[in-house]
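I opened the model to look up a few loops, helix contacts and cores. My notes follow in the order I made them.

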Amino acid sequence: MMDWDNLRYFMEVARYQRISAAALRLGVQHSTVARRIQALEQTLGLLLFNKSTVSGYTLTAEGLGLFERLEPIESSLHATQEAMSAQAQQISGHLRLACTEGFGTYVLTPLLTQFQSAHPDITLDLLTMPRHISLPRREADIAIALERPERGPYWCTRLCHYELGIYAHRDYLETQGTIDTLDQLEGLPFIAYVDDLLFSESLKYLGEWIRPQDIRLRCTSLITQYHAVLQAKGLAILPYFLARTDPRLQPVLATQVKLTRSFWMYCHEELRHTTRALLLWDFLKTQVQAQHSLLHSQP
């Protein structure tokens, strides 16, 4: 039988990547944490961490899989504990949520209006900014980003995967004609990001199919790219959650060009035990994952 208390030790080591940091957090000896991790690995018959004196304890593929399965359970337990202790209190306060411009506009804004209807005494700031937000500088309470933070005292989860494809205005395609093969993309005008001003490496996705000389317009904003495509003068790679909401846009080579990216949600460790933050965290985790048909090509 698996010792469930060992899983608590596993989660702390996974987040802090150091036995000593996890021991400090848990209020136990270094040797106790190491023994718990060893016992869990023996019980499961899996190597959960790559252990290094330089990089510390980093999750193996099996360890990451276990972490992602346990995190919603842990979140639910914390939420239950907070809810029980706060039953007699009116939940109120202020939260600042940071995310990318397109995701914040087309996915989060409708959801946040639902959240505030359920919790009218919690006020929100939604920061949709084309740059990294600093949680250590308190620019936001919760951040949703394209990369998982490499280090820091953060509580982090993969919020969702989402897909992107090539889109064009229907009027452009009527003039240009049907595009059936990748070779036909050569010479067509594309709209893309400004490479040296990208805030995330995961936004570099045109090079596999498009020649640099075919990019006729570059801009730092996804919303600007979307409006440029609406002028019926070129093509762009757009996320499904934006493009499929506009009937004027049509996918191009939908089965041949499909990209998948992820959004990660994280907050400062000390914030995760506040009731209002847990409410928003669990709400976003549940509701965003329910938007599968908006985020993916297949229902």
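I started with Gln17, which sits in the loop between helix 1 and helix 2. The model is a predicted one, and I read every entry here with that in mind. Gln17 comes just after helix 1 and has a positive phi of about 60°. I noted this down because most residues other than glycine have a negative phi. Is Gln17 buried, exposed or partly exposed? Its relative accessibility is 26%, so Gln17 counts as partly exposed.

I then checked Lys51 against Gln17. The two are 34 residues apart in sequence, and their C-alpha atoms are 9.2 Å apart in space. Lys51 belongs to strand 1, residues 49-52. With a relative accessibility of 43%, Lys51 counts as partly exposed. I listed its contacts, leaving out neighbours within four places in sequence, and found Glu41, Gly56 and Tyr57.

Next I looked at the two helices on either side of the Gln17 loop. Helix 1 covers residues 4-16 and helix 2 covers residues 19-26. They pack at an angle of about 125°, and their axes are 8 Å apart. An angle of about 125° falls between the roughly perpendicular range, 65 to 115, and the roughly antiparallel one, over 145. Helix 1 and helix 2 are therefore oblique to each other. I recorded the crossing of helix 1 past helix 2 as right-handed.

Which residues make this contact? From helix 1 I noted Arg8, Tyr9, Glu12, Val13 and Tyr16, and from helix 2 Ile19, Ala21, Ala22, Arg25 and Leu26. Sorted by class, the contact of helix 1 with helix 2 has 7 nonpolar and 3 charged residues, and no polar ones. I also went through burial in helix 1. The buried residues there include Asn6, Leu7, Phe10, Met11, Ala14 and Arg15. Tyr9, Glu12 and Val13 of helix 1 are buried, and these three also take part in the contact with helix 2.

I moved on to the second helix pair. Helix 5 (residues 101-118) packs on helix 7 (residues 222-229) at an angle of about 75°, with 7 Å between their axes. That makes helix 5 roughly perpendicular to helix 7. Helix 5 brings Glu101, Gly102 and Tyr106 to the contact, and helix 7 brings Leu222, Ile223 and Tyr226. I counted the residues of the contact of helix 5 with helix 7 by class as 4 nonpolar, 1 polar and 1 charged.

Then I turned to the cores. How many residues are in the largest nonpolar core? It has 67 residues, and those with the most contacts inside it are Phe103, Ile144, Leu185, Leu235, Phe241, Phe263 and Leu284. Strand 6, residues 154-169, gives the most to this core, with 8 residues. Apart from it lies another core, of 19 residues, with Tyr9, Ile19, Val33 and Phe49 among them.

I picked Phe263 for a contact list, again without neighbours within four places in sequence. Its contacts are Thr100, Phe103, Ile144, Ala145, Leu146, Thr157, Arg158, Leu159, Cys160, Tyr162 and Phe241.

My last entry is Leu253. It lies in the loop between strand 10 (249-252) and strand 11 (259-268). Its phi is near 50°, a positive value in a residue other than glycine. At 8% relative accessibility, Leu253 counts as buried.

Definitions and conventions:
Residues numbered from 1 in each chain as written. Predicted model: local features only at pLDDT ≥ 70, side-chain atom pairs only at ≥ 80, totals over all residues. Heavy atoms only, no water. Axes fitted to C-alpha atoms, helices over the stretch in contact; angles between N-to-C directions. Helix = DSSP H or I, 4+ residues; strand = E, 2+ residues; numbered from the N terminus. Parallel < 35°, antiparallel > 145°, perpendicular 65-115°, else oblique. Left-handed = near helix turned anticlockwise from the far one by under 90°. Contact = heavy atoms within 4.5 Å. Nonpolar A, V, L, I, M, F, W, Y, C, P; charged D, E, K, R; others polar. Buried < 20%, exposed > 50% of the residue type's maximum accessible area, 1.4 Å probe, protein only. Core = buried A, V, L, I, M, F, W, Y, C linked by side-chain atoms within 4.5 Å.
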